[in-house]
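Student: I have a chain to go through. Can we test each label against its value?

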Amino acid sequence: MSPSVITVETKENFSQNLVIDQTASKLSLQGRIRVPGDKSISHRALMLGAIAQGHTQIQGLLLGEDPCSTASCFQAMGAEISPLDAELVQVKGIGLGNLQEPVDVLNAGNSGTTIRLMLGLLASHPGRFFTITGDSSLRSRPMSRVVKPLQQMGAEIWGRKDSSLAPLAVQGQNLKPIHYHSPIASAQVKSCILLAGLMTEGKTTVTEPALSRDHSERMLKAFGAKLDIDAETNSVTINGPAQLIGQTVIVPGDISSAAFWLVAGAIVPGSDLVIENIGVNPTRTGILEALAMMGADIERENEREVAGEPVADLRVRSCRLQGCTIAGEIIPRLIDEIPILAVAAVFAEGTTVIKDAAELRVKESDRIAVMARQLNKMGAQVTELPDGMEITGGTSLIGTDVDSYTDHRIAMSLAIAALNATGITNIHRAEAAAVSYPNFIPTLQQICS
C-alpha cells in the first residue's frame, strides 16, 4: 500500500478538496523536483517585453493564473504575446509610451503584482484612460500604498474608499520625478514608482527602510534603463525618460514554490529531496536563512548564474528543527514564505516567534489569522500576534477538515502540514494552489508514491 494516499475530489461548484490520508505506513520523500518559474520574474518579463522596442523571448515562464492576467492586460493594450508556454513565449513590444487605450476594463484577476506595477505605467501615459479591476480578493486589498506616491508625481487616479480599493480609473499624465521614502519595504511599491519613472523627465528615487527583492532593478538594467543603486541607504534611482530594448529572459525556478518542498523534506523523517534550478537572488533567500536558523539540513549544489540571476539546486534532508525568532530586516525577503515557515515551526522543538509581518494580513487572505486557525484545528499551538505568530512546537498534528480560504500559499502549506499529520486531512478549495503552482498536486502525488 502507498505510504500516503492523496486524492482530489471535485465539487459541483468546481472547487476541489485535496484529501491526504496518512493512516498507512510511514512516509519519506525522495527524488528530484523542478518547480515552476519564478512568479516575480515572470510578471516583469512580460511587462517589460510588452513596453520595450523589438522582440523579447521568455524561457521558463510560470504558467500560473497571475502571469496569465498580466499577459491578457498587456495584450488588451496592444502588445503581441504568443500563447503562454513554459518552453518559450514571444513578445513583440510596442515601445515605451505606446500602450493603447483599452476598449474594456483591464482585469488583474487575483494578482496584486499585476495591478500595482501596472498602475505606474498607466499613470504615466498622458492622454489615455484606463480602468482596472480584479477578483473579489484583489478588490479588497490596499492600493493606497502605490496610489499615494503616484499622486505625488501628479497622477490622476480614482477608486473606492478614497482611491484605496479597486476598481481604479486612471487618466494618464506627464508625471514629475520625486524622491519617495517608502514607509514599508515592498518590491511592489518600489517597482511601481520605478516603472512610472521610465517616462518621467529627471531622476525618480525610492528609498526603503529595508531592502526588498530587486528583480525589477536587475531586469530594467538588462532592458537598457539607467539605474543608480545606493546599497547603504536602500535607495534606487531611475533616470528618465528611458529606452527599453527587447531581451531574452530565462526564468529560474521560484524559491517561493521551492519553499514548500524544503520544509516538507526537513520535517518528514527519512526524506532526501533535490529541488533543481532555483533562483537564489540574495533579496529572496530569507527562507534559506530562516530554515538555517532552525537547523535545517539544506545544501546548495551546482551554483551558477543564468541571465543575471544566481541559480542553484537545493538539497534538503530531514532533521530535527529548533524554534527561533524571525523578525526585522529578514521579513521583506521571506514575506511570501511565512505560511510554510509556520508549518516548519509546528514541528520544531521549542517556541518560534514571527514578528514585523503585519503585511501578511492584507495578502490574498489574512494569512496570520488563517494559518493560526487552520493549524490549531489540526492540534497545533499557534497564537496570533498583531504582526505575526507565536508557535509552540512539538505537538503532534491530527488530520481534520481545513480550508485554504482560496489562498494559494495557505492551500500548499496545509498540504505539507498534512504529510506529517496522522489520519485524514481534507483541504477545502485546494484548487487555489494553481494561482502560482499549477502542478503542485501532481508533484505532491509523485513524491509521495
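What follows is a set of questions and answers on this predicted model.

Student: What makes the chain agree with a compact globule?

Tutor: The chain has 449 residues, and a compact globule of that length would have a radius of gyration near 22 Å. The chain has 21 Å, so the value agrees. Its C-alpha atoms fill a box of roughly 65 × 45 × 40 Å along the principal axes.

Student: How many helices and strands does the chain have, and how many of its residues are buried?

Tutor: There are 13 helices and 25 strands. Buried residues make up 60% of the 449. As for contacts between residues at least 6 apart in sequence, 74% join residues at least 24 apart.

Student: Why are H3 and H4 called roughly parallel?

Tutor: Helix H3 covers residues 112–123 and helix H4 covers residues 144–152. They pack at an angle of about 20°, with axes 10 Å apart. Angles under 35 degrees count as roughly parallel. H3 and H4 therefore earn the label. The crossing of H3 past H4 is right-handed.

Student: Which residues of H3 and H4 meet?

Tutor: H3 brings Arg116, Leu119, Gly120 and Ala123. H4 brings Arg145, Val146, Val147 and Leu150. By class, the contact of H3 with H4 holds five nonpolar, one polar and two charged residues.

Student: What makes Gly120 count as polar in that tally?

Tutor: The class scheme puts Gly among the polar residues. Gly120 is one of the H3 residues that meet H4.

Student: How do you know that H4 and H6 are roughly parallel?

Tutor: Apply the test again. H4 and helix H6 (residues 187–197) pack at about 30°, with axes 9 Å apart. The limit is under 35 degrees. H4 and H6 are therefore roughly parallel. H4 passes H6 in a right-handed crossing. On the H4 side the contact is made by Arg145, Val146, Pro149 and Leu150. On the H6 side are Gln188, Val189, Cys192, Ile193 and Ala196. The contact of H4 with H6 has seven nonpolar, one polar and one charged residues.

Student: Why is serine 42 called buried?

Tutor: Serine 42 has a relative accessible area of 0%. Buried means under 20%. Serine 42 is therefore buried. It is found in helix H1, residues 39–51. Beyond residues up to four places away in sequence, serine 42 touches Gly37, Leu61, Leu62, Pro67 and Val251.

Student: What makes threonine 443 count as buried?

Tutor: Its relative accessibility is 10%. The cut-off is under 20%, so threonine 443 counts as buried. Threonine 443 lies in helix H13, residues 440–447. With neighbours within four places in sequence left aside, threonine 443 is in contact with Ile33, Trp261 and Tyr437.

Student: Why is cysteine 319 called partly exposed?

Tutor: The relative accessible area of cysteine 319 is 29%. Buried means under 20% and exposed means over 50%. The value falls in between, so cysteine 319 is partly exposed.

Student: Where does cysteine 319 lie, and what is it in contact with?

Tutor: Cysteine 319 sits in the loop between strand E18 (309–317) and strand E19 (325–326). Neighbours within four places aside, cysteine 319 is in contact with Ala266, Gly295, Ala296 and Asp297. Glycine 265 is 54 residues away along the chain, yet its C-alpha atom and that of cysteine 319 are separated by 8.7 Å.

Methods: Residues numbered from 1 in each chain as written. Predicted model: local features only at pLDDT ≥ 70, side-chain atom pairs only at ≥ 80, totals over all residues. Heavy atoms only, no water. Axes fitted to C-alpha atoms, helices over the stretch in contact; angles between N-to-C directions. Helix = DSSP H or I, 4+ residues; strand = E, 2+ residues; numbered from the N terminus. Parallel < 35°, antiparallel > 145°, perpendicular 65-115°, else oblique. Left-handed = near helix turned anticlockwise from the far one by under 90°. Contact = heavy atoms within 4.5 Å. Rg over C-alpha atoms; globule rule 2.2 N^0.38 Å. Buried < 20%, exposed > 50% of the residue type's maximum accessible area, 1.4 Å probe, protein only.
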